[in-house]
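Subject: A structure for you to look at

Hi,

Here is the structure I promised to pass on, with some notes on what turned up in it. Please open it alongside this email and follow along.

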Amino acid sequence: MLLGRVAGTVVSTQKDPGLVGQRFLVVRQIDVDGQETGGYVVANDAVGAGLGEVVLYAAGSSARQTELTKGKACDAVIMAIVDSWEIGGHEVYHKNPPPSGSED
Amino acid sequence: MLLGRVAGTVVSTQKDPGLVGQRFLVVRQIDVDGQETGGYVVANDAVGAGLGEVVLYAAGSSARQTELTKGKACDAVIMAIVDSWEIGGHEVYHKNPPPSGSED
Amino acid sequence: MLLGRVAGTVVSTQKDPGLVGQRFLVVRQIDVDGQETGGYVVANDAVGAGLGEVVLYAAGSSARQTELTKGKACDAVIMAIVDSWEIGGHEVYHKNPPPSGSED
Amino acid sequence: MLLGRVAGTVVSTQKDPGLVGQRFLVVRQIDVDGQETGGYVVANDAVGAGLGEVVLYAAGSSARQTELTKGKACDAVIMAIVDSWEIGGHEVYHKNPPPSGSED
Amino acid sequence: MLLGRVAGTVVSTQKDPGLVGQRFLVVRQIDVDGQETGGYVVANDAVGAGLGEVVLYAAGSSARQTELTKGKACDAVIMAIVDSWEIGGHEVYHKNPPPSGSED
């Protein structure tokens, strides 16, 4: 899994039938220092993530191992909202105070 | 999934039997600002995408989760035509007015 | 799928039993302008591709979706020989006249 | 598989139901000389790895081939703790003396 | 598949039960000219490869398509020992005389 920040939304009306009703979120990848790497992915959302939240996403066939995405043409899914993480015992990120919208 | 713009078509008569009747579209990858990244993929098309349209495509085994591509030697499929997307609440791209052919 | 040009052959006598009888072709990756990118892959060949031919190959589990490669320890397969492709309505490559051997 | 060093932990309370009870470890990738490459992955842990330990992790669908991760939205798993490795007959790394916490 | 040269061995006693008895080999990636690219992978070995030998390895779920690795948390397997390869009709590498240990 990789860390990312929910940056936006993609809207599509003409899509594969299996994907009807799915949200497509733009997730900017971040490194373990919380910095954006420049990469992104468009992911389905299995956990109700909001704009600006830091999340974990899984890619490939593992992205289809949620109730939402099983058997779907989906190769990236947000499967966790991140509360905090620490590196070497030091907290790098904590969700509180909650991010006030996008931070980029 | 990644964003891309349909840039062209690949023609092949000699191909794996499972792929007969499939269209092969050249999709240039674009970033979340709508700029081409230099990367591309050749994808099958599950949604009837046209030249110049912005699309989402899924890769890997997830590309085989459409009626069109199930069980096929296909590792990339266009599974959605993009109407619009926004980043941080600001619209970056909107399909209307429709793109007049390829924009590269 | 990605575009590539068949550049050579790998010979192996000591290999996994499932791969006996398979050809291993060296495929140089090319971009949508027909230029080599520097990357390569060694692929099995489901379509009888010849040296110098431009092909499409599929990677990952999708490479096992041909009769030849089903259930094999194969992560790349040539699944189409390319006749031509066009970008933005302009033909970039056409197989005729056929390439006279490797062009690198 | 790739070599990595366990650098930290990600905490998430809101996650896909299948992932409840799983630990998410931050693993910094290292090269065959034991140097960090700058890359990372967040992995589930099938072997009880501790902070600072050098591990092997598997990615993609192979990350779901442990009891812990079967059928889960998990695309990276620590499947071995590394005791030592050698290159060309020379030992590059040995776990003893055990690493005293994170070495970065 | 990609070409690589067996460079060393990783030892692990604490690992996923499914991997007990497996060898973990360090494989340095090489390009079609036989030069090391700087990349590496740790792979299981389905063909009895020795130190210094040039091999082909398969990655991802295809790495689990050998008797040795079926159902294992393994994402890379050596599935062929390379005797020789040629590019454009010219032999680039031939195993005889056999490599005398690691060549890096």
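No contact joins chain B and chain E, and their closest C-alpha atoms lie 10 Å apart. Chain A and chain E do not touch either, with 10 Å between their nearest C-alpha atoms. Before going further, please keep in mind that this is a predicted model.

Let me start with a single chain. Chain A has 0 helices and 8 strands, so its pattern along the sequence reads β-β-β-β-β-β-β-β. Its radius of gyration is 14 Å, close to the 13 Å that the globule rule gives for 104 residues, so chain A is as compact as a globular protein of that length. Taken along the principal axes, the C-alpha atoms of chain A fill a box of roughly 45 × 25 × 25 Å. Of the 104 residues in chain A, 55% are buried. If you look at the contacts in chain A between residues at least 6 apart in sequence, 51% of them join residues at least 24 apart.

Now to the place where two chains do meet. On the chain A side, 30 residues are in contact with 27 residues of chain B. Four strands of chain A each supply at least two residues of the side that touches chain B: S1 (2-11), S2 (14-15), S3 (24-30) and S4 (36-45). The largest share, 5 residues, comes from S1(A). By type, the residues on this side of chain A divide into 13 nonpolar, 11 polar and 6 charged.

There is also strand pairing across this boundary. S2(A) pairs with strand S6 (residues 76-81) of chain B in the antiparallel sense, over 2 bridges. To find the spot, look for A:Lys15, whose bridge partner in S6(B) is B:Ala80.

A good residue to zoom in on is A:Ala73. You will find A:Ala73 in the loop between strand S5 (54-59) and strand S6 (76-81) of chain A. Is A:Ala73 buried or exposed? A:Ala73 has 30 other C-beta atoms within 10 Å, and 20 are enough to count as buried, so this residue is buried. Leaving aside residues up to four places away in sequence, A:Ala73 touches residues of its own chain, including A:Asp16, A:Gly18 and A:Leu19, and residues of chain B, among them B:Ala58, B:Ser62, B:Val77 and B:Met79. A:Asp16 is 57 residues away from A:Ala73 in sequence, yet their C-alpha atoms are 7.8 Å apart in space.

Finally, a word on how the copies are arranged. Chain A is superposed on chain B by a rotation of 72° with 0.0 Å of shift along its axis, at an RMSD of 0.0 Å. The two copies are thus related as by a five-fold rotation axis. A turn of 72° with a shift of 0.0 Å along the axis likewise lays chain D on chain A, with an RMSD of 0.0 Å.

Why do the copies meet through different surfaces? Only 10% of the interface residues of chain A are also interface residues in chain B, so chains A and B use different surfaces to meet. For chain D and chain A the reasoning is alike: only 10% of the interface residues of chain D are also interface residues in chain A, so these copies meet through different surfaces.

Happy exploring, and do write back with any questions.

Best wishes

Technical notes. Residues are numbered from 1 along each chain as its sequence is written. Chains are lettered from A and ligands numbered from 1 in the order in which they are written. This is a predicted model: local features need pLDDT of at least 70, side-chain atom pairs count only at pLDDT 80 or more; totals for chains, interfaces and linings use all residues. Two residues are in contact if their C-beta atoms, placed from the backbone, lie within 7 Å. Ala, Val, Leu, Ile, Met, Phe, Trp, Tyr, Cys and Pro count as nonpolar, Asp, Glu, Lys and Arg as charged, and the others, Gly among them, as polar. Two strands pair if DSSP finds at least two bridges between them. Copies are superposed by least squares on the C-alpha atoms of residues with pLDDT of at least 70 in both. A residue is buried if 20 or more other C-beta atoms lie within 10 Å of its own, exposed if 12 or fewer, and partly exposed in between; C-beta atoms are placed from the backbone. The radius of gyration is taken over C-alpha atoms; the globule rule is 2.2 Å times the number of residues to the power 0.38.
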